[in-house]
Amino acid sequence: MTDAAQFERTLLMAALIILLCLIALAALPYVLEWRKSPPDRSEAPGELVQLSQGVTHYRWLGPIRGPVVIAVHGLTTPSPLWESIADALGDVGYRTLVYDLYGRGYSDAPAGVQDAAFFQRQLDDLVKHLELDDDLTVMGYSMGAIIATLWAAENQNRVRQLFLLASTGHGVTEIDYAKWVRETPIVGDWLHYLTAAHLARGAFDGGHSEVPELERIQEEQYRQKGFLGAVLSSRRNVLETDLGTALAILNRREIPIFALWGQEDHIVPDSAMGRLAELNRDVQQQVIPDASHGLPYTHGREVVATLREMMRKSRGD
């Protein structure tokens, strides 16, 4: 073999090795995702029900009887985040229905786009399965506040009042990298699967969490199949949902809305309060001092006490 032929063969081998390395690198996050397992439902503390889009995990917290609060959690933190609030609500007679959104906790992670309609259907299915009556209180946290608002508007004749905690839907503060990943298909997907768990490490807003084990539960989700895809799809298709029409409907129906915000929230911008007031002039709003975005699980009892006081004043008691 001539020197030229040997050189050409070496170049081809090098190019092939580089190509295989690039293919392996491109496939790496998806292989890691494929190797993950779904959550171990033998440990699920509540009930499991097959709904139209997949299995949903839910629990009843509080007394056996009493007015019902349906609690919808946010983008990444599953239903245990409500335990402190549910305990406080139970002390005043409310029973709280908590459940895991698809892709979180012990619920299924169906393939496909996760938009607001997708999650509204899950809540619709669950309410029908449980045969819940009217006069419902709906509570949503962060992304869950978007779902709760839209569902309340669609079911206005069944809703007594709406509680919004650190509501998104009025702008979200995010670093440039996170925004670029959210807005960029293919490459953004690859980076999300490769880096999301690392970026989330240490970002849990636990503070003086009133819910034991919540940080561990939150971190375990990153090792569950379907969670990362669910989060990315929700970031792209839910967080910037326009709530104008829904809030206008609730305003016309005179359904009371009570919104609470954390004074130290670095995820929801300060302008969110003003934006919400523009969309529904009758909404009652309050800021919890020293609370950040995790106020449902760091200030649960204070949240409930504040909501009760806001309701009392709105009734003129």
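**Group meeting: a walk through the predicted model**

Hi everyone, let's start at V287, which sits in strand β8, residues 284-288. Before I go on, please keep in mind that this is a predicted model. V287 counts as partly exposed, because its relative accessibility is 29%, and that class lies between 20% and 50%. Which residues does V287 touch, once we set aside neighbours within four places in sequence? The contacts are W261, G262, Q263 and M273. There is also a C-alpha distance to look at here: V287 and E264 are 23 residues apart along the chain, and their C-alpha atoms are separated by 9.6 Å.

Now please turn to T306, in helix α12, which covers residues 300-315. Is T306 buried or exposed? T306 is buried: the relative accessible area is 16%, and buried means under 20%. Not counting residues up to four places away in sequence, T306 touches L260, Q286 and I288. If you have β8 on your screen, recall that the strand runs over residues 284-288, so you can find two of these partners, Q286 and I288, in that strand.

Next stop, helix α9, residues 244-252. Its buried residues are G244, A246, L247, I249, L250 and N251. What covers them? The cover includes helix α4 (143-154), strands β6 and β7 (257-262), and helix α10 (271-279). After α9 comes E254, and do look at its backbone: phi is positive there, near 55°.

Let's move on to helix α6, which I find a fun one. It has 14 residues, 187-200, and at 1.5 Å a residue it should span 20 Å; the end C-alpha atoms are 19 Å apart, so the two values agree. Where is α6 kinked? The kink is centred on L194, and it is about 45°. The buried residues of this helix are G188, L191, H192 and A196. Among the elements that cover them are α5 (176-183) and α8 (227-237).

Those two helices bring me to the salt bridges. How many are there in the model? The count comes to 16. I'll show you a few of them.

Take E83 and R59: their side chains meet in a salt bridge, at 3.0 Å from N to O. This pair links distant parts of the chain, with E83 in helix α2 (residues 83-91) and R59 in strand β2 (residues 54-61), 24 residues apart. E83 is partly exposed, with a relative accessible area of 26%. R59, on the other hand, counts as buried, at 13% relative accessibility.

A second pair is E174 and R235, whose side chains form a salt bridge at 3.2 Å, N to O. E174 lies in the loop between β6 (159-165) and α5, and R235 lies in helix α8, so this salt bridge ties together parts that are 61 residues apart in sequence. E174 counts as partly exposed, at 26% relative accessibility. Why does R235 count as buried? Because its relative accessibility is 12%, and the cut-off for buried is under 20%.

Then there is R182 with E183, a salt bridge at 3.9 Å, N to O. R182 is buried, with a relative accessible area of 11%. And here is how these pieces come together: E174, R182, E183, R235 and E240 are linked in a network of salt bridges.

To finish, let's go to helix α1, residues 3-35. Which residues form a nonpolar patch on the surface? They are M13, L16, L19, L20 and I23, and together they have about 470 Å² of accessible area. Let me pick out L19, which is found in α1. L19 is partly exposed, with a relative accessible area of 46%.

R35 is found in α1 too. R35 counts as exposed because its relative accessibility is 63%, and exposed means over 50%. How far is the C-alpha atom of R35 from that of Q224? The separation is 9.5 Å, for two residues 189 places apart along the chain.

That's my tour. Thanks for listening, and I'm happy to go back to any of these spots with you.

Technical notes. Residues numbered from 1 in each chain as written. Predicted model: local features only at pLDDT ≥ 70, side-chain atom pairs only at ≥ 80, totals over all residues. Heavy atoms only, no water. Helix = DSSP H or I, 4+ residues; strand = E, 2+ residues; numbered from the N terminus. Expected span 1.5 Å × (residues − 1). Bend = angle between axes of the 7 residues up to and from the residue. Buried < 20%, exposed > 50% of the residue type's maximum accessible area, 1.4 Å probe, protein only. Contact = heavy atoms within 4.5 Å. Patch = residues over 30% accessible without salt bridge, like charges linked within 9 Å, V, L, I, M, F, W, Y side chains within 5 Å. Areas by Shrake-Rupley, 256 points an atom, 1.4 Å probe, with all protein chains shown as cover. Salt bridge = Lys/Arg side-chain N within 4 Å of Asp/Glu carboxyl O.
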